[in-house]
Amino acid sequence: MKNTNSNFKIILTDDDEDDRSFFKDAIESLGLNCSVEFCENGQVLVERLSDENNLPDLVFLDLNMPILSGLEALEKIRSNQKFFTIPVIAIYSTSSDRNDKLKSLELG
């Protein structure tokens with residue numbers, strides 16, 4: 001995981017290093033005053049969220065990841081009252097499966 005210094009915190013959870021790099025470049029190009037932290041899979045994200053004194057403002061999730069997928073991570077996040085208010089802005093993926101979209105929406 002990587003974090004830069006700032007008040008507004010974003011976590012991107014994605015197992016693809018290139019995608020993490022593209023995301024970081026895109027956020028930096030916007031000139032926002034925020035930190036971007038990376039988790040390599042959903043399990044790392046769920047463990048990271050256990051630090052309740054350092055919760056993110058936004059979470060971005062990849063859908064297809066090893067160990068704990070984006071959908072599984074979202075389900076764990078939404079089932080815990082402590083994390084329920086954390087906005088999950090997007091689950092992005094190369095998947096075109098309509099069921100993935102519906103399940104993502106259902107989980108919040």
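Which residues are buried in α1? In this predicted model, the answer is R20, F23 and I27, and this briefing walks through that helix, its neighbours and the nonpolar cores. The protein chain has four helices and four strands, and from the N terminus on they follow the order β-α-β-α-β-α-β-α.

**The chain as a whole**
- Of the 108 residues in the protein chain, 42% are buried.
- Take the contacts with a separation of 6 or more: 74% of them join residues 24 or more positions apart.
- The protein chain has an accessible surface of about 6400 Å², and carbon and sulfur atoms hold 48% of it.

**Helix α1**
- Helix α1 covers residues 17-29, 13 residues in total.
- From its first C-alpha to its last, α1 reaches 18 Å, close to the 18 Å expected at 1.5 Å a residue.
- Back to the opening question: R20, F23 and I27 are the buried residues here.
- Looking down the axis of α1, you will find its buried residues within an arc of 65°, so they line one face of the helix.
- That buried set packs against three strands, namely β1 (8-13), β2 (34-39) and β3.
- Turn to the other side of α1 and you meet D18, F22 and S29, which are exposed.
- The N-terminal end of α1 is capped by D16, with a side-chain oxygen 2.8 Å from the backbone nitrogen of D18.
- After α1 comes G31, which has a positive phi, near 70°.

**Helix α2**
- Is α2 largely enclosed or largely open? Six of its eight residues are buried, so the rest of the structure largely encloses it.
- The buried residues in question are G42, V44, L45, V46, R48 and L49.
- Their cover includes the strands β1, β2 and β3 as well as helix α3.
- At the start of α2, N41 places a side-chain oxygen within 2.9 Å of the backbone nitrogen of Q43.

**The nonpolar cores**
- As a general background point, nonpolar side chains in soluble globular proteins tend to be buried together.
- The largest nonpolar core here has 16 residues, and the members that touch the most others are L45, L49, V59, L61 and A73.
- Two or more residues of this core come from each of α2 (42-49), β3 (58-62) and α3 (70-79).
- Helix α2 gives the largest share of this core, with four residues.
- If you would like one residue to inspect, try A73: leaving aside residues up to four places away in sequence, A73 touches G42, L45, V46, L61 and L68.
- There is also a second, separate core of nine residues, including F23, C34, V36 and F60.
- F23 therefore links two parts of this briefing, because this residue belongs to the second core and is also among those on the buried face of α1.

**E72 in helix α3**
- E72 sits in helix α3, and with a relative accessibility of 39% this residue counts as partly exposed.
- The side chain of E72 comes to 2.7 Å from the backbone nitrogen of S69.
- E72 and V46 are 26 residues apart along the chain, and 10.0 Å separates their C-alpha atoms.

Methods
Residues numbered from 1 in each chain as written. Predicted model: local features only at pLDDT ≥ 70, side-chain atom pairs only at ≥ 80, totals over all residues. Heavy atoms only, no water. Core = buried A, V, L, I, M, F, W, Y, C linked by side-chain atoms within 4.5 Å. Buried < 20%, exposed > 50% of the residue type's maximum accessible area, 1.4 Å probe, protein only. Contact = heavy atoms within 4.5 Å. Expected span 1.5 Å × (residues − 1). Arc of directions from axis to C-beta. Polar contact = N/O pair within 3.5 Å; in protein donor to acceptor, adjacent residues only side chain to side chain. Areas by Shrake-Rupley, 256 points an atom, 1.4 Å probe, with all protein chains shown as cover.
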